[in-house]
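Please read the following briefing alongside the sequence and the coordinates. It takes up the sheet, the core and one arginine in turn.

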Amino acid sequence: MGEKTVFSAGEKAPNTATYIEIGEKNHVMGVKDPLQITLSAGDEFPNTSNHNRKWSKKERN
């Protein structure tokens, strides 16, 4: 079974990484100025700027 990739506020981060808000359809497209946060493993995800959004690990560029 694969690692979970989408997280809600209050859940714990599985890895130390930068996470970004994603929209209702599980992608960043259409989200203007998405919040980005850096969490350590075990840190709790904060609230998003919109109750329909979730957190996802930011892809490296």
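The points below are grouped by topic, after a note on conventions.

This is a predicted model, in which local features need pLDDT of at least 70 and side-chain atom pairs count only at pLDDT 80 or more, while totals for chains, interfaces and linings use all residues. Residues are numbered from 1 along each chain as its sequence is written, and side-chain values use heavy atoms, with hydrogens and water left out.

**Sheet**
- Four strands (DSSP runs of E, at least two residues, numbered from the N terminus) form an open antiparallel sheet in the order β1-β4-β2-β3, where two strands pair if DSSP finds at least two bridges between them.
- The edge strands, each pairing on one side only, are β1 (6-7) and β3.
- β2 and β4 pair in the antiparallel sense over four bridges, and Glu 21 stands opposite Trp 55 in β4.

**Core**
- The largest nonpolar core (buried Ala, Val, Leu, Ile, Met, Phe, Trp, Tyr and Cys residues joined through side-chain atoms within 4.5 Å) has eight residues: Phe 7, Ala 13, Ala 17, Tyr 19, Ile 37, Leu 39, Phe 45 and Trp 55.
- The elements that give two or more residues to this core are β2 (17-22) and β3.

**Arg 53**
- Arg 53, in the loop between β3 (36-39) and β4 (54-57), is buried with a relative accessible area of 18%, buried meaning under 20% with a 1.4 Å probe and protein chains only.
- Leaving out residues up to four places away in sequence, Arg 53 touches Glu 21, Ile 22, Gly 23, Val 31 and Thr 48, contact meaning heavy atoms within 4.5 Å.

How values were computed
Buried < 20%, exposed > 50% of the residue type's maximum accessible area, 1.4 Å probe, protein only.
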